[in-house]
Amino acid sequence: MATDSKNIDRREISEEAIHWDPDVSYSGYLSLDALLECQNVRTDSHDEMMFMIIHQASELWMKLCIHEITAAMREVANDNLGAAFKMLSRVSHIQAQLRHSWAVLSTMTPSDYLSFRDDLGQSSGFQSFQYREIEYALGNKNAALMEVHRRNPKRYQHLEKVLKAPSFYDLCLQHLARHGFAIPDNYLQRDWSQPYVPSAAVEAAWGRVYASTDEHWQQYELAEKLVDLEHEFQMWRFSHMKTVERIIGYRKGTGGTSGVAFLEKALSLRFFPELWTVRTELQ
């Protein structure tokens, strides 16, 4: 039976018009040779390979997040919300994918991690310039957080540009203003590098959206897409914090932060504050 199966397999393959020597191969298109040579572990620890791949894969997912968020911001600025909705949905799914990666990392025990932790030196996820770009784009404008990148002028200048540009939420408020919602002038033009301060008037504008969803359906869907995005982002942050707590307890982070205590503080940050407070006021 085994021999018959092999003959059938060979016959079926021979009948396919397979390109055995393509001009553009799967490996070539994906630059797999370069990609798979990036796992330069520093120790003989079995778990270091997993640790490195999870963080490298996370950076690839974040690159896609930035690609989608940047495009969605452009669509919102042009009042093309339909296209933006698709991109925002994709970002939420990417965030969920990133969250699930922590479940894989949590299979590493404290002893496993300690077997190579010292070889990480002062490297830390806190130093991820892509993570910082995502936070700036979504509205967590804190100039001090990009100081770690000052030695890399190209990255520092790019982050400074994102810091000084309107955030996604700023663009959404400008969209509301263009469609007849009362957004204060100082929220439509301001120093975009400064942290966002919640506004009762902005909350009232979102309240108007939620009070008449049929009339303001697109703005209502925009609000819910933003809530989805922030929810998944916070779940990602929470999973990160609990994974770190599980593996290193309350040790200091390799990058010099307080570790879990630092990550806990991030859970209190809000990108779109009025979309959460308005829920309490709805009647």
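# A tour of the helices and one pocket

The crossing of helix 5 and helix 11 is left-handed. This is a predicted model, and the tour begins at this pair.

**First stop: helix 5 and helix 11.** Select residues 81-105 for helix 5 and residues 217-248 for helix 11; the two axes come within 9 Å and cross at roughly 15°. Because angles under 35 degrees count as roughly parallel, helix 5 is roughly parallel to helix 11. Colour the contact between helix 5 and helix 11 by residue class: 14 nonpolar, eight polar and five charged residues appear.

**Second stop: the whole chain.** Zoom out and display the chain as a cartoon. There are 13 helices and zero strands. Following the sequence from its start, the pattern reads α-α-α-α-α-α-α-α-α-α-α-α-α. The C-alpha trace spans about 75 × 55 × 40 Å along its principal axes.

**Third stop: helix 4 and helix 9.** Select helix 4, residues 48-77, together with helix 9, residues 168-178. Their axes come within 9 Å, with a crossing angle of roughly 15°. That angle makes helix 4 roughly parallel to helix 9. The crossing of helix 4 and helix 9 is left-handed. Show side chains next: on helix 4, pick I69, A72, M73, V76 and A77, which meet F168, L171, C172, H175 and R178 on helix 9. By class, this contact of helix 4 with helix 9 has eight nonpolar residues, one polar residue and one charged residue.

**Fourth stop: helix 9 and helix 10.** Keep helix 9 selected and add helix 10, residues 200-211. Here the axes come within 12 Å and cross at roughly 65°. The crossing of helix 9 and helix 10 is left-handed. Helix 9 contributes Y169, L173 and L176 to the contact, and helix 10 contributes V202, W206 and V209. Six nonpolar residues make up this contact of helix 9 with helix 10, with no polar and no charged residues.

**Fifth stop: the second largest pocket.** Return to helix 4 and display the pocket surface. How much space lies in the second largest pocket? The volume is about 260 Å³. To centre the view, select T70, M73, A137, V162 and A165, which are the closest to the pocket centre of the 17 lining residues. M73 thus appears at two stops, as one of the residues closest to the centre of this pocket and as one of the helix 4 residues that meet helix 9.

Which helices each supply at least two residues of this lining? Select helix 4 (48-77), helix 7 (129-138) and helix 8 (153-163) to see them. Helix 4 gives the most to the lining of the second largest pocket, with six residues. Finally, colour the lining by class: eleven residues are nonpolar, three are polar and three are charged.

Notes: Residues are numbered from 1 along each chain as its sequence is written. This is a predicted model: local features need pLDDT of at least 70, side-chain atom pairs count only at pLDDT 80 or more; totals for chains, interfaces and linings use all residues. Side-chain values use heavy atoms; hydrogens and water are left out. On a 1 Å grid over the protein atoms alone, a cavity is a set of points where a 1.4 Å probe fits but cannot get out, and a pocket is an open set with protein on both sides within 12 Å along at least five of seven lines; lining residues have an atom within 4 Å of a point. Grid points are joined across faces, edges and corners, and a volume is the space filled by probe spheres set on the points. Ala, Val, Leu, Ile, Met, Phe, Trp, Tyr, Cys and Pro count as nonpolar, Asp, Glu, Lys and Arg as charged, and the others, Gly among them, as polar. Axes are lines fitted to C-alpha atoms, for helices over the stretch in contact, and angles run from 0 to 180 degrees between N-to-C directions. Angles under 35 degrees count as roughly parallel, over 145 as roughly antiparallel, 65 to 115 as roughly perpendicular and the rest as oblique. A crossing is left-handed if the near helix is turned anticlockwise from the far one by less than a right angle, and right-handed if clockwise. Contact means heavy atoms within 4.5 Å.
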